[in-house]
Amino acid sequence: MIDERMHEELNRQIKYELESAYLYMAMMAWFRNNGWDGMADWMKAQVQEEIVHAMKFFDHLAERGARIDLAPLELKKTTWSSPADAFHDAHEHERFITSRIHTLAKLADEVGDYASKPMLQWFIEEQIEEEASTSKVAEDLGRAGDNRSALMMLDRELGQRVFTPPASAGE
Ligand code: OFO
């Protein structure tokens, strides 16, 4: 039997992961509309990754026979002043998601939810990567500034990203 607070927070995390996907889809649209196709492709891979994250929480609840409740999604922003601005927001968003995962991990300890811990440990490690990748791109774009050819080179480079489904906890 899953603890009531844990159950609520795990359900809420499905919404947060889907909001990540929705935010990155908004960035993908903004990049596409502004001619940055490589960055749009980078975001497309990120959207797919976030859907996998949401599904991990969904499947975890389903496997434990717990009720799944979805909530309406929020999207706070759909436009950015520059590519660097968008990636800066992506990094800030990942920091928020990391804090959410840490809250879940603390709660799992508090209520003795050992069944959630391997999955949450997987997310703790995944978030290190999520923060590092968004921060690296934001820094590179910041360094390129208004230099159009440097930005175009970065756009080409970022467009090389290919979505690979993340491994499951313990794999
Ligand atoms: Fe789900 O890691 Fe990004 O938000």
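This report describes salt bridges in a predicted model.

Side chains of opposite charge can pair when their charged atoms come close. The structure contains 17 salt bridges. The table lists three of these pairs, with the N to O distance for each.

| Acidic residue | Basic residue | N to O distance |
|---|---|---|
| Glu 19 | Lys 15 | 2.6 Å |
| Asp 113 | Arg 64 | 2.9 Å |
| Asp 89 | Lys 77 | 2.8 Å |

**A pair within one helix.** Lys 15 and Glu 19 both belong to helix 1, which covers residues 4-33. They are 4 residues apart, about one turn of the helix. Lys 15 has a relative accessibility of 16%, and Glu 19 has 9%. Buried means under 20%, so Lys 15 counts as buried, and so does Glu 19.

**A pair between two loops.** Asp 113 and Arg 64 form a salt bridge through their side chains. This pair links distant parts of the chain, 49 residues apart. Asp 113 is in the loop between helix 3 (83-111) and helix 4 (117-144), while Arg 64 is in the loop between helix 2 (37-63) and helix 3. Asp 113 is buried, at 5% relative accessibility, whereas Arg 64 is partly exposed, at 28%.

**A pair between a helix and a loop.** The side chain of Asp 89 meets that of Lys 77 in a salt bridge. Asp 89 lies in helix 3 and Lys 77 in the loop between helix 2 and helix 3, so the pair ties together parts that are 12 residues apart in sequence. Asp 89 counts as buried at 19% relative accessibility, and Lys 77 is partly exposed at 32%.

**A network.** Glu 8, Glu 9, Arg 12 and Arg 100 are joined into one network by salt bridges that share partners.

Key. Residues numbered from 1 in each chain as written. Predicted model: local features only at pLDDT ≥ 70, side-chain atom pairs only at ≥ 80, totals over all residues. Heavy atoms only, no water. Salt bridge = Lys/Arg side-chain N within 4 Å of Asp/Glu carboxyl O. Buried < 20%, exposed > 50% of the residue type's maximum accessible area, 1.4 Å probe, protein only.
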